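Dear colleague,

I am handing over the structure we spoke about, and below it you will find a careful account of what was found in it. Please keep the model open while you read, so that you can look up each residue as it is mentioned.

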Amino acid sequence: MRKLFALTMAALMLLTTFLPVMAMAEERPSLTVWFKKEVNETTNEMLEARAKEFGEKNNIDVNVEIIAYEKLYPMWTAAIEAGTFPDVSFFQYQEAGQYYAQDLMLDLTDLCAQIQRDNGDFIPALVSPATFGGRVYAIPQKFYSVAIHYRKDMFEAAGITEVPKTWDEFREAAKKLTDEANGVYGAGIGLGATNSDAAWLNQVTLWGLGGAISAADSQTIVANSPETVAAFTYIADMFKEDGSIPPSAVNWDDAANNTAFLSGQAAMVVNAGTLLAAIKRDNPELYENTGVAQIPGGPAGFFAPSAGSYIGAFNTTKYPEEAKALIAYLYDYDWYSEWMSVEMPSIVPVFQKAKEDPLWQDEKLKPFVDSMDSLSFIGYPGEYTPKAGEVFNLKLINATLEKIVVLGMDPQAACDELQAQVEEIYAAN
């Protein structure tokens with residue numbers, strides 16, 4: 001009897017010991033996914049449904065959060081501090097670079113190659129900004145191409161027969177289109193210090209006019225060079241000397257230039273296709289009166305902003321293979337093309353073959369997809385680096401313009417301050 005009791009207790013202890021192990025072995029994988037919120041709610045719903053469909057097909061719990069971009073950076077920061085990362089996340093390439101530098105990104109090199117084998121090549125330039133040490137850490141998902149939106153009736157009234165192709169032509173057209181007495185300004189360019197749209201536009205304008213923050217070696221800082229000072233002066237003079245930018249532009253947020261165009265305050269704005277999509281939806285008459293063209297180039301060339309979405313994964317995930325499989329599921333070309341068509345031209349596809357799709361040949365849409373051939377990335381004329389991304393995220397170009405146009409600082413002095421700020425960032429570990 002005593003022996004039987006001992007054997008029974010031993011068996012119970014053995015079973016108790018192995019129960020947690022058995023439970024762990026049967027644990028259902030779970031993935032937390034953060035996507036950036038887009039303007040069109042159908043776009044968000046389709047993306048969430050696609051991710052959840054993957055989970056249902058593969059017996060994986062997929063928890064999706066659709067998050068406004070301005071909230072994402074604080075959420076990433078909090079996740080890093082708490083050690084509670086999402087598994088899969090939206091990034092812009094400069095953020096992917098920042099987290100790669102902190103050794104937090106999962107290597108997706110093989111996955112990137114697989115997606116292209118299965119669905120076609122990405123537009124070549126798009127993969128490089130999220131490639132470090134020859135390895136890919138985030139995969140391009142969609143881009144936000146920008147173009148000039150202009151009022152055809154205002155062009156006709158001002159006697160302007162051609163859309164400006166250079167910044168000099170843009171500046172002269174803006175002067176002709178400006179009618180301050182009636183509250184009309186030729187150039188709806190934001191100059192707000194925290195304006196994200198302005199940060200992208202002012203950066204490529206700077207490059208087109210011959211300026212830069214860092215040199216071709218990606219290390220030497222040239223923010224106070226004669227060329228950069230001249231470029232800052234040129235942009236500022238459109239506001240200070242020409243009066244062709246609305247006075248309120250120094251306080252604009254990302255929505256303000258849309259409002260300026262819709263209300264007739266601005267005859268030309270440079271914006272992503274979100275504006276054109278909104279006009280088409282809400283104001284058919286204005287849609288017919290709106291022309292679209294590629295943004296201007298300068299003496300140094302034509303540069304298109306490179307704002308876009310990438311998908312990556314933190315290397316803290318417990319389920320790296322499942323995370324990769326989920327990402328791949330988002331790139332099936334048939335589904336991807338349907339998803340893109342919902343919000344075109346607000347978002348632009350990343351596959352090379354999509355540029356030839358008949359949907360993009362409309363005269364109002366083609367400038368957006370054509371601009372993808374001239375994307376230039378943060379850090380130009382050198383390669384993109386995490387340090388260059390950090391400088392951009394701080395919106396130091398905006399802050400420098402604000403010093404010149406609002407505070408009245410001499411452009412050389414403002415650029416000297418910018419030089420010192422950037423050098424300090426590049427020198428920090």
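**The cavities and a sheet**

By class, the lining of the largest cavity is made up of 11 nonpolar, 3 polar and 1 charged residues. Please bear in mind throughout that this is a predicted model.

The structure holds 2 cavities of 30 Å³ or more, and the largest of them contains about 160 Å³ of space. Of the 15 residues that line this largest cavity, those closest to its centre are Gln203, Ile213, Val391, Phe392 and Ile397. If you would like to find the cavity by way of the helices, look at α8 (196–208), α16 (386–393) and α17 (396–405), each of which supplies at least two residues of its lining.

The second largest cavity has about 40 Å³ of space, and the residues that line it are Trp167, Ile189, Leu201, Asn202, Thr205, Ile235 and Met238. Which helices each supply at least two residues of this lining? They are α8 and α9 (226–240), and the largest share, 3 residues, comes from α8. When the lining of the second largest cavity is divided by class, there are 5 nonpolar and 2 polar residues, with no charged ones. Helix α8 is therefore a useful place to begin when you look at the model, as α8 supplies at least two lining residues to the largest cavity and also at least two to the second largest.

Turning now to the strands, 4 of them form an open sheet in the order β8-β9-β7-β10, and the pairing within this sheet is mixed. Its edge strands, each of which pairs on one side only, are β8 (185–188) and β10 (290–293), while the twist from one strand to the next averages 20°.

How do β7 and β10 run, parallel or antiparallel? Strand β7 (residues 146–151) and β10 run antiparallel and are joined by 4 bridges; as one example that you can trace on the screen, Tyr150 has Gly291 in β10 as its bridge partner.

Helix α11 (residues 273–282) packs on this sheet, where the helix touches β7, β9 (266–272) and β10. The direction of α11 makes about 115° with that of β9.

With best wishes

Definitions and conventions: Residues numbered from 1 in each chain as written. Predicted model: local features only at pLDDT ≥ 70, side-chain atom pairs only at ≥ 80, totals over all residues. Heavy atoms only, no water. Pairing = 2+ DSSP bridges. Axes fitted to C-alpha atoms, helices over the stretch in contact; angles between N-to-C directions. Contact = heavy atoms within 4.5 Å. 1 Å grid on protein atoms, 1.4 Å probe; cavity = no way out; pocket = protein on both sides within 12 Å on 5 of 7 lines; lining within 4 Å. Points joined across faces, edges and corners; volume = space filled by probe spheres on them. Nonpolar A, V, L, I, M, F, W, Y, C, P; charged D, E, K, R; others polar.
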